[in-house]
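The following exercises concern a predicted model. Each task is followed by a worked solution.

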Amino acid sequence: MPLSKRRNIRKLKAFVVEKIQKEIPATLTYHGLHHTLDVLRVCNDYIKRLSIQPKDAHLLRTAALMHDIGIMWNYQNHEEQGMDFVRNELPKWDYSQAEIERVCGMIQATRIPQNPMNILEQIICDADLDYLGTDQFYSIGETLFKEFIVYGVVKNEKEWDQLQINFLTNHSYHTDFAKRNRQPVKMKYLNEIKAKWNID
């Protein structure tokens with residue numbers, strides 16, 4: 001049975017894009033609209049790569065659009081804020097309660113440290129941090145550094161690099177694709193940051 005018109009992902013995307021554009025603080029240099037659209041793009045790649053079924057693909061795309069929306073209102077606990085928004089908003093788009101909870105499960109899975117419980121949660125987790133294993137590591141990382149300075153997460157470059165070393169050391173990709181194609185590149189960057197500070 002085809003998804004209803006009200007559940008058209010393009011319409012939902014347009015709604016989310018407009019909301020973020022209107023409400024997002026300029027201080028969110030990393031967690032901006034570009035990040036949301038990038039995660040959606042990478043999820044679409046996984047949908048094709050793994051031949052994800054249409055209903056599951058719809059929920060994954062929904063979660064990609066919504067996964068960081070809560071950060072506009074609550075920087076420290078944005079997953080909870082985002083899930084509250086999803087539970088309030090998605091019934092208007094004909095999502096069932098069970099579908100909404102699956103979307104919330106994907107949003108929750110992206111919380112650091114990530115803890116995905118199924119393949120859709122694994123995909124969104126890997127899509128969320130895809131850049132760590134790509135040639136955009138430094139350029140995208142710079143936008144996160146600027147954001148962290150503003151929000152008091154780190155005070156200087158040394159603290160930032162120490163945070164990156166700890167994060168990259170403890171982070172693991174979940175899908176077979178990312179383990180093969182992103183993990184080795186990510187480890188190269190980890191070693192470069194360690195070398196910069198003469199850390200073995």
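**Exercise 1.** Determine which rings the charged end of Arg49 sits over.

*Solution.* Begin with Phe177: the charged end of Arg49 sits over this ring, 3.5 Å from its centre. Next, examine Tyr46, where Arg49 lies over the face at 4.7 Å from the ring centre. Both distances are to be set against the cut-off of 6 Å from the ring centre.

**Exercise 2.** Classify the geometry of the aromatic pair formed by Tyr138 and Tyr189, and locate its two members in the chain.

*Solution.* Step one is the search of the whole structure, which yields 11 aromatic pairs. Step two is the geometry of the pair in question: the centres of Tyr138 and Tyr189 are 5.3 Å apart, with 80° between the planes. An angle over 60 degrees counts as edge-to-face, so the pair of Tyr138 and Tyr189 is edge-to-face. Step three is location: Tyr138 belongs to helix α7 (residues 137-150) and Tyr189 to helix α10 (residues 183-196), so that the pair links distant parts of the chain, 51 residues apart. Step four is accessibility. Tyr138 counts as partly exposed because its relative accessibility is 44%, whereas Tyr189, at 8%, counts as buried. Finally, ring pairs link Tyr138 and Tyr189 with Tyr30, Tyr131 and Phe137 into a cluster.

**Exercise 3.** Establish how many residues of helix α6 are buried, and what covers them.

*Solution.* Helix α6 comprises residues 119-128, and eight of its 10 residues are buried. These are Leu120, Glu121, Ile123, Ile124, Cys125, Asp126, Ala127 and Asp128. The cover over them includes α2 (33-50), α3 (54-66), α5 (97-109) and α9 (176-181). At the start of α6, a side-chain oxygen of Asn118 comes to within 3.2 Å of the backbone nitrogen of Leu120.

**Exercise 4.** Identify the residues with the most contacts inside the largest nonpolar core, and list the contacts of Leu90 beyond its sequence neighbours.

*Solution.* The largest nonpolar core holds 59 residues, and those with the most contacts inside it are Leu12, Cys43, Leu60, Met66, Val86, Leu90 and Tyr95. Once neighbours within four places in sequence are set aside, Leu90 is in contact with Leu12, Thr62, Met66, Tyr95, Ile100 and Val103.

**Exercise 5.** Assess whether the radius of gyration of the chain agrees with that of a compact globule.

*Solution.* For 200 residues, a compact globule would have a radius of gyration near 16 Å; the chain has 17 Å, which agrees. The C-alpha trace spans about 60 × 35 × 25 Å along its principal axes. The chain has 10 helices and zero strands, and buried residues make up 48% of its 200 residues.

Key. Residues are numbered from 1 along each chain as its sequence is written. This is a predicted model: local features need pLDDT of at least 70, side-chain atom pairs count only at pLDDT 80 or more; totals for chains, interfaces and linings use all residues. Side-chain values use heavy atoms; hydrogens and water are left out. Rings of Phe, Tyr and Trp (its six-membered ring) pair if their centres lie within 6.5 Å; planes under 30 degrees apart count as stacked, over 60 as edge-to-face and the rest as tilted. Helices (H or I, at least four residues) and strands (E, at least two) are DSSP runs, numbered from the N terminus. Buried means under 20% relative accessible area, exposed over 50%, partly exposed in between (1.4 Å probe, protein chains only). A charge sits over a ring if NZ of Lys or CZ of Arg is within 6 Å of the ring centre and within 35 degrees of the ring normal. Contact means heavy atoms within 4.5 Å. A polar contact is a pair of N or O atoms within 3.5 Å; within protein, one must be able to donate a hydrogen and the other to accept it, and residues adjacent in sequence count only if both atoms are side-chain atoms. A nonpolar core is a set of buried Ala, Val, Leu, Ile, Met, Phe, Trp, Tyr and Cys residues joined through side-chain atoms within 4.5 Å. The radius of gyration is taken over C-alpha atoms; the globule rule is 2.2 Å times the number of residues to the power 0.38.
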